[in-house]
Amino acid sequence: MKKAIFFDLDGTLIDSAPDLADALNHTLETLNLPTYPLDTIRTWIGGGASMLVKRGLCGSKEVEDIDEELFQKALKIFMEYYSKNLTNKTSLYPYAKEILETLNKNYDLALITNKPFAFIEPLLNHFELHHFSLVLGGDSLPQKKPSAMPLVFALEKFGIKSNEALMVGDSASDYFAAKEAKVPVVLVKYGYDQEIDAFNVPKIASLKDLLELV
Ligand SMILES: O=C(O)COP(=O)(O)O
Ligand SMILES: [Mg+2]
C-alpha cells in the first residue's frame, strides 16, 4: 500500500526546457560562445543548473574539464537571467494539476527536483501547485539525484518504508536515485532523457495513467 508519491519537476510536471534553453543560450551569447538548438539543450536537462551550464560550455552531455572562473561567471549569468525568466515559455504537462489534486487526497506528495531551490517556489506559485508537503531542490541537501539522499530524506520525513513510496520522473537521475533508495519508480515517456529507454521499469505516456499504478 502506497503512502507517498515523490515527483520530479522538469520534464515530468512542467515543460521548462524552452526557458532553460533561452537562459543557457543567453549565457553563452554573453560570453561569445556558440549557442545550441532547443532539441539539443533539452537532452542536457536533469542534472541541475550547474550541470546544464557545464554541458552548455562543453557543447555536449559529456562534461570535460572546465575553467573554474569561466564556469562561475557563466553560472552567475545563467542564474540571474533564469530567475527573471522562469515562466515565459514554460507550461504544465497535461493533467499535472489534476493528478496532484486527486493524489493529494490519499497520499503525501513530495517534490524532489534537481532544480535550485530558489526557482521552485516562484514556479509552483505561478502554476498554482500547492500540493506538496515537502519540497527539495538540488541544493537542499549535500547530495542531489542520482544520489538516493533526497528520497531517503523524504522517506524519513514521512516515516514510511521505501516500498510505501513511488518516484515519478523522466530521467536517469530519477531512476538511479530511486533504485538506490529502493523506491519503486515510474518514468514518463515524454520527458527529456532518452537514456531511460534502456531501463526496465513501468513507463507512462500521460500523467493520468498514474492512477492505474498507485
Ligand atoms: O534542473 C534540472 O536540471 C532538472 O530538474 P529535475 O530534477 O526537476 O528534472
Ligand atoms: Mg526531470
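Q: What share of the 214 residues of the protein count as buried?

A: The model is predicted. A residue counts as buried if 20 or more other C-beta atoms lie within 10 Å of its own. Of the 214 residues of the protein, 41% meet that condition.

Q: How many helices and strands does the protein have?

A: The protein has eight helices and eight strands. Its radius of gyration is 17 Å, close to the 17 Å that the globule rule gives for 214 residues, so the protein is as compact as a globular protein of that length. Along the principal axes, the C-alpha atoms fill a box of roughly 55 × 30 × 30 Å.

Q: What part of the contacts with a separation of 6 or more comes from residues 24 or more positions apart?

A: In the protein, such pairs account for 64% of those contacts. One pair to look up in the structure is I99 and L13: they are 86 residues apart in sequence, and their C-alpha atoms are 10.0 Å apart in space.

Q: Which domains does the assignment give?

A: A domain can be made of more than one stretch of chain, and the bounds here come from an automatic or database assignment. Domain 1 is made of 4-15 + 90-212, and domain 2 covers 17-84. Taken over C-alpha atoms, the centres of the two domains are separated by 23 Å.

Q: How many residues of domain 1 are in contact with domain 2?

A: On the domain 1 side there are 16 residues, in contact with twelve residues of domain 2. The 16 on the domain 1 side divide into four nonpolar, seven polar and five charged.

Q: Where does ligand 1 lie with respect to the two domains, and why?

A: To place a ligand, ask which domains supply the residues around it. Domain 1 and domain 2 both give residues to the shell around ligand 1, so the ligand lies between them.

Q: Which residues come nearest to ligand 1?

A: There are 14 residues around ligand 1, and L9, D10, T113, N114 and K115 come nearest. Sorted by class, the shell has four nonpolar, seven polar and three charged residues.

Q: Which residues of the largest nonpolar core touch the most other members?

A: A nonpolar core is a set of buried nonpolar residues joined through C-beta atoms within 7 Å. The largest one has 57 residues, and I5, F6, L24, L151, M167 and V183 touch the most other members. Helix 1, residues 17-30, gives the most to this core, with six residues. At least three residues of the core come from each of domain 1 and domain 2.

Q: What does M167 touch, leaving out residues up to four places away in sequence?

A: M167 touches F6, L151, D174, A178, V183 and V185. Two of these partners, D174 and A178, are also among the buried residues of helix 8.

Q: Which residues of helix 8 are buried, and what covers them?

A: Helix 8 spans residues 172-181, and its buried residues are S173, D174, Y175, A177, A178 and A181. The cover over them includes helix 7 (149-158), strand 6 (165-169) and strand 7 (185-188). After helix 8 comes K182, whose phi is positive, near 60 degrees.

Q: Which residues of helix 3 are buried?

A: In helix 3, residues 49-58, the buried ones are A49, L52, V53, R55, G56 and L57. These residues pack against helix 1 and helix 4. Helix 3 is followed by G59, which has a positive phi near 70 degrees.

Q: Is I99 buried or exposed?

A: The test is a count of neighbours. I99 has 24 other C-beta atoms within 10 Å, so I99 is buried. It lies in helix 5, residues 96-103. Not counting residues up to four places away in sequence, I99 touches L207, K208 and L210.

Q: How many C-beta neighbours inside 10 Å does K73 have?

A: K73 has 15 C-beta neighbours inside 10 Å, and therefore counts as partly exposed. K73 lies in helix 4, residues 68-84. Its C-alpha atom is separated by 9.1 Å from that of T27, 46 residues away along the chain.

Q: What does F117 touch, leaving out residues up to four places away in sequence?

A: F117 touches G137, D139 and S140. It is found in helix 6, residues 117-126. With 13 C-beta neighbours inside 10 Å, F117 counts as partly exposed.

Key:
Residues are numbered from 1 along each chain as its sequence is written. Chains are lettered from A and ligands numbered from 1 in the order in which they are written. This is a predicted model: local features need pLDDT of at least 70, side-chain atom pairs count only at pLDDT 80 or more; totals for chains, interfaces and linings use all residues. Two residues are in contact if their C-beta atoms, placed from the backbone, lie within 7 Å. Ala, Val, Leu, Ile, Met, Phe, Trp, Tyr, Cys and Pro count as nonpolar, Asp, Glu, Lys and Arg as charged, and the others, Gly among them, as polar. A residue is near a molecule or strand if its C-beta atom, placed from the backbone, lies within 6 Å of it. Helices (H or I, at least four residues) and strands (E, at least two) are DSSP runs, numbered from the N terminus. The radius of gyration is taken over C-alpha atoms; the globule rule is 2.2 Å times the number of residues to the power 0.38. A residue is buried if 20 or more other C-beta atoms lie within 10 Å of its own, exposed if 12 or fewer, and partly exposed in between; C-beta atoms are placed from the backbone.
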